[in-house]
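Biologist: I keep tripping over the labels people hang on models like this. Can we go through them one at a time, with the cut-off next to the value?

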Amino acid sequence: MTTITQPDDAAISGMGAAARARTTRRVRGLSDRTIAWLFVAPTIALLLAINIFPLVWMIRLSFTSLNLSMSYLPLRFVGLDNFTDILGDEDVWLRLQTTAQFVISSVALQVIIGFGLALLINRQFRGHSFWTTIILLPMMLSPAVVGNFWTLLLQPQIGPFNYLISLFTGVPPSSFSMTGQVALAPWTIVLVDTWMWAPYVMLICLAGLRSIPDYIYEAAEVDRASAWRQFWSITLPMTVPFLMLAVLFRAIENFKMFDMVNLLTSGGPGSTTELVSITLKRAAFEKWRTGYSSALAIILFVTVFGAANIYVKALNKVKQR
Amino acid sequence: MTSAVASSTAHSIVEASPRSKAFASALVILYAVITILPLLWIVATAFKSQSDAIAYPPKVLFEPTLEGYVNLFTVRTRQTPDFIAKLPPPETWYDKLVRERDMVIAGPSKVVPRFVNSLIIGFGSTFLAVFLGTLAAYAFSRFRIPLADDLLFFILSTRMMPPVAVAIPIYLMYRQLNLTDTRLGMILLYTAVNVSLAVWLLKGFIDEIPREYEEAALVDGYTRLQALRKVVLPQAVTGIAATAIFCLIFSWNEYAFAVLLTSGEAQTMPPFIPFIIGEGGQDWPAVAAATTLFVVPIVLFTVLLRKHLLRGITFGAVRK
């Protein structure tokens with residue numbers, strides 16, 4: 001099944017096919033086909049063992065009432081009860097709403113800031129490379145560690161954030177709490193997430209901007225298109241596929257968001273920042289409702305997977321234009 | 001998502017005017033400074049004394065001390081001044097520093113074992129993922145594998161699961177296999193997560209190596225494996241290194257699996273850092289010291305990776 005024809009095959013082309021295969025094997029060691037499977041198999045086996053087998057197990061558990069804090073009870077199958085419970089639970093819908101709001105506002109903000117920064121950096125001023133590297137740092141950090149140290153920065157009294165705000169607005173620094181107030185906390189997680197990930201969108205947009213060949217702009221100059229017009233008819237449309245890719249990656253990641261928010265607000269105050277991953281963690285690892293949380297996990301997975309698939313199709317359409 | 005928007009030629013845009021460049025540079029530098037301030041604050045907090053760290057209003061200027069670092073690495077007990085006065089003179093500078101705060105060092109803290117765990121799990125899973133990933137990527141790049149696109153998509157899709165969701169069955173499985181809170185368990189798990197990134201990235205890198213090199217080697221009588229070892233791998237070395245760093249960064253930074261599946265023996269730094277506590281809550285200088293030590297390698301890697309960053313974060317979908 002090799003895709004490569006060796007020139008020296010000609011030398012043995014006179015022999016029968018079987019004999020040739022035998023010779024090839026003797027001369028070249030393992031056949032290409034064997035090598036291909038030997039090389040791919042370990043990866044597939046690992047993923048089957050660590051990803052697929054547990055997933056199948058989880059699907060089975062989602063039809064049971066298993067609760068690990070009462071695991072002495074015999075495993076009882078409850079059919080679709082877990083799924084109907086979840087889909088009929090107003091709290092779960094509220095958590096999904098919180099998650100959707102977080103995903104939409106954070107990704108929107110990151111797109112605006114990231115694209116803006118990319119446009120600026122693309123003017124290639126002196127030292128742009130150094131400053132770009134500085135800007136990129138937050139996204140390489142551990143989200144958990146970031147969430148943790150932002151709790152210090154955002155402390156109403158000892159943290160520097162409130163002081164900076166009060167410096168510019170005159171609001172007393174201890175009069176508000178970014179992580180403790182119902183009205184502010186949802187914006188706080190958006191703010192910290194944007195601090196981390198706007199550079200991600202920037203980096204992808206920058207690649208998009210650099211992929212636009214100069215001659216298009218030169219042609220536009222010849223046609224005396226205004227800078228504004230050039231932006232709307234050249235820059236933006238040609239960067240859109242890159243932007244969409246960035247949005248796809250960010251939306252999936254933020255839909256799954258757990259670490260940063262868990263450490264920054266742990267879902268609070270109340271449940272104002274309780275993203276669905278945090279709900280899942282509480283159901284699975286605090287209430288130990290394994291059957292129920294398996295069902296919730298499957299619903300989330302299907303949602304991400306379905307949404308991503310639709311999005312990729314749209315992305316491909318944009319690309320083909 | 002496979003071969004998305006790739007561009008091989010880097011173009012410079014039509015040259016911007018000096019005034020627009022100055023404007024752009026001012027805004028970008030402003031943003032960069034704002035973005036780096038939180039990190040600088042943490043680095044500075046690591047050198048504050050306990051009282052300076054929680055001072056109200058927050059202190060920008062302070063007398064630097066290594067207390068935070070000493071607290072990070074030690075467990076201390078509070079003693080009466082009388083008791084401390086009776087002790088033999090302090091042997092080291094850190095003994096002295098601690099005694100000035102009416103405390104004595106009772107032993108080392110858990111930070112070193114946690115750091116070691118992070119290193120072992122990080123390097124172990126990186127090595128395995130890159131090894132398996134290189135083999136698989138080579139096969140996907142050079143041979144016609146039936147259903148290759150589906151397999152590649154399957155490999156990627158394992159990454160779309162929310163980690164908390166994956167952790168539920170893994171927790172149950174590891175309990176059965178006695179892998180809960182073991183380094184081996186974490187290495188296997190991180191390998192599985194990293195291998196998808198490794199396959200996708202490395203396939204891109206190997207695709208870029210002209211087949212002619214190997215073909216020439218095969219003509220010269222090399223076997224496939226020899227050609228892979230002596231021709232392809234040396235060519236792919238930069239790509240492999242970049243991939244390895246990405247895998248290492250993932251394992252280093254990972255929190256969700258670590259916090260749900262480990263509690264002591266195999267705990268890594270990210271779940272450990274938030275629980276560095278002193279008298280009355282988080283010991284902020286020590287937390288900041290741990291954060292600084294934890295983040296420094298990442299900063300170095302980011303600088304090293306600068307050229308390949310784009311590829312790494314998009315699973316090879318965008319190349320520069």
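Modeller: Sure, starting with contacts: two residues are in contact if their C-beta atoms, placed from the backbone, lie within 7 Å. By that rule, residues 24 or more positions apart account for 76% of the contacts in chain B with a separation of 6 or more. Keep in mind that this is a predicted model.

Biologist: And what share of such contacts in chain A joins residues at least 24 apart?

Modeller: There it's 71%, again among contacts between residues at least 6 apart in sequence.

Biologist: Why is chain A called more spread out than a compact globule?

Modeller: The globule rule gives 20 Å for 321 residues, and chain A has a radius of gyration of 27 Å, well over that, so the label follows. Its C-alpha atoms fill a box of roughly 90 × 80 × 35 Å along the principal axes. As for what's in the box, chain A has 13 helices and zero strands.

Biologist: How does chain B's radius of gyration compare with a compact globule of 320 residues?

Modeller: Such a globule would come out near 20 Å, but chain B has 25 Å. The box for its C-alpha atoms is roughly 85 × 65 × 40 Å, and its secondary structure comes to 16 helices and two strands.

Biologist: What makes A:F125 count as buried?

Modeller: The cut-off is 20 or more other C-beta atoms within 10 Å. A:F125 has 20 such neighbours, so it counts as buried. This residue is in the loop between helix 4 and helix 5 of chain A. Setting aside neighbours within four places in sequence, A:F125 touches B:K21, B:A24 and B:S25.

Biologist: Then why is B:A216 only called partly exposed?

Modeller: Exposed needs 12 or fewer neighbours and buried needs 20 or more, with partly exposed in between. B:A216 has 14 inside 10 Å, so it's partly exposed. You'll find B:A216 in helix 10 of chain B, residues 211–219.

Biologist: How do you know that helix 9 of chain A lies largely in the open?

Modeller: Count its buried residues: of the nine in residues 214–222, the number is zero, so the helix lies largely in the open. Just after this helix, A:R224 takes a positive phi of about 60°. For chain A as a whole, 41% of the 321 residues count as buried, and for chain B it's 46% of 320.

Biologist: What makes B:D102 and B:D181 worth a remark on phi?

Modeller: B:D102 has a positive phi of about 65° although it is not a glycine. B:D181 is also something other than glycine, with a positive phi near 55°. B:D102 is in the loop between helix 5 and strand 2 of chain B, while B:D181 is in the loop between helix 8 and helix 9 of chain B. On burial, B:D102 has 13 C-beta neighbours inside 10 Å and so counts as partly exposed; B:D181 has 15, so it gets that label too.

Biologist: Which peptide bond in front of A:P269 is called cis, and what is its omega?

Modeller: The one from A:G268 to A:P269, with omega near -5°. A:P269 is in the loop between helix 11 and helix 12 of chain A. Chain B has a cis bond joining B:Y56 and B:P57, with omega about 0°.

Biologist: Which residues touch the most other members of the largest nonpolar core?

Modeller: A:I204 and A:L245, out of 172 residues. Helix 9 of chain B gives the most to this core, with 16 residues. Beyond four places in sequence, the contacts of A:I204 include A:L245, B:L310 and B:V318.

Biologist: How many residues of each chain are in contact with the other?

Modeller: 89 of chain B with 91 of chain A. Helix 1 of chain B gives the most to its chain's side, with 15 residues. By class, that side has 67 nonpolar, 15 polar and seven charged residues.

Biologist: Last one: at what angle do helix 4 and helix 10 of chain A pack?

Modeller: About 145°, with their axes 10 Å apart, and the crossing is right-handed. By class, their contact has nine nonpolar, four polar and one charged residues.

Conventions:
Residues numbered from 1 in each chain as written. Chains lettered and ligands numbered in written order. Predicted model: local features only at pLDDT ≥ 70, side-chain atom pairs only at ≥ 80, totals over all residues. Axes fitted to C-alpha atoms, helices over the stretch in contact; angles between N-to-C directions. Helix = DSSP H or I, 4+ residues; strand = E, 2+ residues; numbered from the N terminus. Left-handed = near helix turned anticlockwise from the far one by under 90°. Nonpolar A, V, L, I, M, F, W, Y, C, P; charged D, E, K, R; others polar. Core = buried A, V, L, I, M, F, W, Y, C linked by C-beta atoms within 7 Å. Rg over C-alpha atoms; globule rule 2.2 N^0.38 Å.
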